[in-house]
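Thanks for making time this morning. I would like to walk you through one model, moving from its interior to its surface, and I will give the criteria as we go.

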Amino acid sequence: MSQFVDSDDTTPLLGDDACSVDSRDEDYRKRWRSIRVMYFTMFLSSVGFTIVITSLWPYLQKIDDSANASFLGWVVAAYSLGQMVASPIFGLWSNHRPRREPLVCSIFINLSANIYYAYAYLPKDYNKYHILLSRAFVGFGAGNVAVARSYVSGATSLKERTGAMANMSACQALGFILGPALQACLSFIGEHGVTVKLIDLQLNMYTAPALLAAAFGIINILLVVFLLREHRVDDHGRYLRAINYSSEDGEYLSEEPEESIDQVAVLTSNILFFIVMFIFAVFETIATPLSMDMFAWTRKEAVLYNGIIICCIGFESIVVFIVVKVASQRVGDRPVLLAGLIIIFCGFFILLPWGNHYPKIQWADIKNNSMVSKMSTFSNSSVEPTGCPFDQTWCQYTPAIYLAQYISSDFLIGIGYPACNVMSYTLYSKILGPKPQGVYMGWLTASGSGARTLGPVFVSQVYTILGPRWAFSLICGLMVGSVILLAALYHRLIAFSVRHGRTME
């Protein structure tokens, strides 16, 4: 069996993980086939979040005139709130029943919610609330991320797990990249598109992405039903019989460890993961307003340039996942996590405003006029005002952030975040050990969803009122706190089998 365990060490990202043929070769192939179904599920979860994100605001404005930017924030947060509620529920379900049940149920909810989103224009009133509900249910369906990660944790040995978790994160990153790309490809349909009278459907650039996500959901359900099987191995790669065992899954020994899980390590892992997701939520939320304020970009330029930057970060993160897989085998998981946190700190530290150059103020577009005439000109002119809004008083005394600072920060955060993300999941799964991880993974996913909900609220308030110096200083302080927490409890963040003397670290 050792040849099975070690084979992943030399396998490239998303590789086949093949090994020498022996009596368990068929079980090995089925196990990795099932794991790849979980990769696809993670990919679709990311696509479901991003495929409509760039068209969400114009769709909302098109079908409901009463929708404003504040309501858009609630619509975006609804996804994370739905996922936060659902993750522990699906995790608990997967601990006691075959995982196909919560997976099929969650994917069906997800695809139904996407169809609901596509038909949100039909009601005569309160269309914005139908958008809100549909996104909440899409997020609820995405709670199956906890099931997918707990499955992969239980179906891999210690040596295989870092690579498998890196693969899952790479699929997740690929979904974040391809989601907006698919939306862009479907934009050629236009706002009016075509009407399918038989089913009363307006197929346009706003509804087509949601329907494509629903079609992906159907494919995912078929893969789960026909390919997914229950597999569970211990830290050495030996096959065990799972709690949610069904007779078709083979005859394996049942082994339940009597030792307890280190709850301090569990709590620490959840806190660190919350911080990592909170930081990234802040980063992705602040990118557009920060670039418009500091570089005087128009809305169109901000969307285009930040879209290119995010795409580059996505590809960068896939490279990081490959490097992390190798680095963790050489130096261990905890040093990679620590390095990732320090790199994120450096990324936000670079963003702190320095020097004597100040951002362009919007009223500087119009000279030799009174404030009243300036305001009147803004309201009556078709020219979009650019620069830092004059009602943000910090614009007048806070130094500007240079483009080189911004791009350098993006590059560093693009290294640190994926490293911390995959190491957080990997360490957490190893701390939990061979026991069923559904509920624990559900709480970890819920903590991440909570962070993605609170992060945008925090940064929008602090940045708007106090400016980037305060916002990024607080983030740097939070990162220092996370490094101190990791260093203080470094000795407890070890694998379950290492803690109880079954294996050497």
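Let me begin with a definition: a contact, as I use the word, means heavy atoms within 4.5 Å. What you have in front of you is a predicted model, in which local features need pLDDT of at least 70 and side-chain atom pairs count only at pLDDT 80 or more, while totals for chains, interfaces and linings use all residues. Residues are numbered from 1 along each chain as its sequence is written, and side-chain values use heavy atoms, with hydrogens and water left out.

With that in place, consider Ser45, which sits in helix α2 (residues 25-50); helices here are DSSP runs of H or I with at least four residues, strands are runs of E with at least two, and both are numbered from the N terminus. Leaving aside residues up to four places away in sequence, Ser45 touches Tyr79, Gln83, Ala142 and Val145. Its relative accessibility is 10%, so Ser45 counts as buried, where buried means under 20% relative accessible area, exposed means over 50%, and partly exposed lies in between, with a 1.4 Å probe and protein chains only.

Val145, one of those partners, is also among the buried residues of α7. In fact, 10 of the 10 residues of helix α7 (residues 145-154) are buried, so this helix is largely enclosed by the rest of the structure.

Where else does Ser45 appear? A search of the whole structure returns five cavities of 30 Å³ or more, and the largest has a volume of about 140 Å³. Of the 17 residues lining that largest cavity, Leu44, Ser45, Ile107, Asn110 and Asn220 are the closest to its centre. A cavity, on a 1 Å grid over the protein atoms alone, is a set of points where a 1.4 Å probe fits but cannot get out, and lining residues have an atom within 4 Å of a point; the grid points are joined across faces, edges and corners, and the volume is the space filled by probe spheres set on them. Helices α2, α5 (100-118) and α9 each supply at least two residues of this lining.

Turning to charged pairs, a salt bridge is a side-chain nitrogen of Lys or Arg within 4 Å of a carboxyl oxygen of Asp or Glu, and by this rule the count comes to six. Arg31 pairs with Glu160, their closest N and O atoms being 3.1 Å apart. That pair links distant parts of the chain, with Arg31 in helix α2 and Glu160 in helix α8 (residues 158-186), 129 residues apart, and both partners are buried.

In a further salt bridge, between Asp262 and Arg492, the closest N and O atoms are 3.0 Å apart. Asp262 lies in the loop between β4 (239-240) and α10 (263-295), and Arg492 in the loop between α16 (468-488) and α17 (496-499), so the pair ties together parts that are 230 residues apart in sequence. Are the two partners buried or partly exposed? Asp262 is buried, with a relative accessible area of 6%, whereas Arg492, at 30% relative accessibility, counts as partly exposed.

Finally, helix α9 (residues 208-227) contains Leu227, which counts as partly exposed at 33% relative accessibility. Ala215, also placed in helix α9, is partly exposed at 34%, and its C-alpha lies 9.6 Å from that of Asn114, although the two residues are 101 residues apart in sequence.

How values were computed
On a 1 Å grid over the protein atoms alone, a cavity is a set of points where a 1.4 Å probe fits but cannot get out, and a pocket is an open set with protein on both sides within 12 Å along at least five of seven lines; lining residues have an atom within 4 Å of a point.
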